[in-house]
Amino acid sequence: MTYRSFLPALLVLGLSCAVSDQDEVAMGRDYVRQINAKLPLMQDGRVTGYVSALGSSIARRTSRAQLDWQFFVVDSRDVNAFALPGGFIYVNRGLIERAERLDELAGVLGHEIGHVVERHSVEQMKKASGANIGISLLCTLTSVCESGVSQVVINVAGSALMAKYSRADEVEADSQAVANVINAGIHPDGIPTFFERLIAERRRNPTVLDNFFASHPLEESRVRYTQSLISSVDPRALAPLTVDDAGYRQFRRIVASLPPPPPPPQPARLEQQPR
């Protein structure tokens, strides 16, 4: 049984329909080659395998299950996640370290998967036409572009260029996230719970989550919205869903045991490449 019936009617309207699935995947693969040459990706198979398995278990139950979904873990303390066209999802180590339960990380992955399902990521990449996408995502997913990096890089690749989803996009992705995790057998409460944790952390330390809040506008209204979606689902359907398990706790212990992330690249290595 699926739980799409409670999604807003807006979600059935396709975005960026002029871009075929084949073109979108080709676009995403091209960006992946650029991005992976610059981002510090985690190589530990226990970590990448877990995230890939969890993400795939969610993505293959969506309306775009046919995509060749791929998941990458960025070895950065910064808290962020991002979706590329065609089903390529990036999640930062810093975000994983803050996701205390399985349903919280699943909610983040379900949200990013929702951006791909709704083709929001295609729109974001169209905004970045002609820019150095690798540096753009490096700036978005890490703090490397904050201080000490040349202004030309910030102008070309700063988060304002391509990484900020609209509030409408985020609401649609939140709706998708609730449905996506339910369909994967995971409880959706992790979505508003994780939002609340990030909002509370921002209150305590306003600058530590700047990158996340720049690329994912987040207010208390989104917490209330996801809670209202969850409350519209029959509690009997939610009762058997997974909140956390031993496998996720072991996964978190593995992440905590690994060496610290590498320092961000030096500014000299971030010069804009010729177009």
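Here are five short exercises with worked solutions on this predicted model.

**Exercise 1. Getting an overview**

Find how many helices and strands the protein chain has, and what share of its residues count as buried.

*Solution.* Start with the secondary structure: the protein chain comes to 14 helices and 3 strands. Next, take the burial: 55% of the 275 residues count as buried. Then look at the surface, where the accessible area is about 11,700 Å² and 53% of it belongs to carbon and sulfur atoms. Finally, turn to the contacts with a separation of 6 or more: 78% of them are between residues 24 or more positions apart.

**Exercise 2. Building the sheet**

Work out the strand order of the sheet and the sense in which its strands pair.

*Solution.* Begin with strand E1 (residues 70-74), which pairs with E3 in the parallel sense over 5 bridges. A landmark for this pairing is Phe 71, whose bridge partner in E3 is Ile 89. Now add strand E2 (residues 81-84), which pairs with E3 in the antiparallel sense over 4 bridges. Here Phe 82 stands opposite Tyr 90 in E3. The hairpin of E2 and E3 has 3 residues between the strands, and Gly 86 in it takes a positive phi near 90 degrees.

Put together, this is an open sheet of 3 strands in the order E1-E3-E2, with mixed pairing. E1 and E2 are the edge strands, as each pairs on one side only. On average, neighbouring strands of this sheet are turned by 15 degrees against each other, direction ignored. Helix H2 (residues 45-59) packs on the sheet and touches E1 and E3, its direction making about 140 degrees with that of E1. Helix H4 (residues 102-117) lies across E1, E2 and E3, and runs at about 30 degrees to E2.

**Exercise 3. Reading both sides of E3**

Decide which residues of E3 point one way and which the other way, and whether they are buried or exposed.

*Solution.* Recall the general pattern: side chains in a regular strand alternate between the two faces of the sheet. In E3, Phe 88, Tyr 90 and Asn 92 point one way, while Ile 89 and Val 91 point the other way. For burial the cut-off is under 20% relative accessible area. By that rule 5 of the 5 residues of E3 (residues 88-92) are buried, so the strand is largely enclosed by the rest of the structure.

**Exercise 4. Classifying aromatic pairs**

Classify the ring pairs Phe 72 with Tyr 90 and Tyr 50 with Tyr 248.

*Solution.* Planes under 30 degrees apart count as stacked, over 60 as edge-to-face and the rest as tilted. There are 4 aromatic pairs to consider. The rings of Tyr 50 and Tyr 248 have centres 6.0 Å apart and planes at 50 degrees, so this pair is tilted. Tyr 50 is in helix H2 and Tyr 248 in helix H14 (residues 246-257), 198 residues apart. Phe 72 and Tyr 90 are 4.8 Å centre to centre with 20 degrees between the planes, a stacked pair. Because Phe 72 lies in strand E1 and Tyr 90 in strand E3, the pair ties together parts 18 residues apart in sequence.

As an extra step, check burial: Phe 72 is buried at 14% relative accessibility, and Tyr 90 is buried at 0%. Tyr 248 is also buried, at 0%. Together with Phe 251, Tyr 50 and Tyr 248 form one aromatic cluster.

**Exercise 5. Checking a helix**

Compare the expected span of helix H9 (residues 167-183) with the distance between its end C-alpha atoms.

*Solution.* At 1.5 Å a residue, the 17 residues should span 24 Å. The end C-alpha atoms are 24 Å apart, which agrees. As for cover, 14 of the 17 residues of H9 are buried. Just after H9, Gly 185 takes a positive phi of about 85 degrees.

Conventions. Residues are numbered from 1 along each chain as its sequence is written. This is a predicted model: local features need pLDDT of at least 70, side-chain atom pairs count only at pLDDT 80 or more; totals for chains, interfaces and linings use all residues. Side-chain values use heavy atoms; hydrogens and water are left out. Helices (H or I, at least four residues) and strands (E, at least two) are DSSP runs, numbered from the N terminus. The expected span of a helix is 1.5 Å times one less than its number of residues. Buried means under 20% relative accessible area, exposed over 50%, partly exposed in between (1.4 Å probe, protein chains only). Two strands pair if DSSP finds at least two bridges between them. Axes are lines fitted to C-alpha atoms, for helices over the stretch in contact, and angles run from 0 to 180 degrees between N-to-C directions. Contact means heavy atoms within 4.5 Å. Accessible areas come from the Shrake-Rupley method with a 1.4 Å probe; for residues, only the protein chains shown count as cover. Rings of Phe, Tyr and Trp (its six-membered ring) pair if their centres lie within 6.5 Å; planes under 30 degrees apart count as stacked, over 60 as edge-to-face and the rest as tilted.
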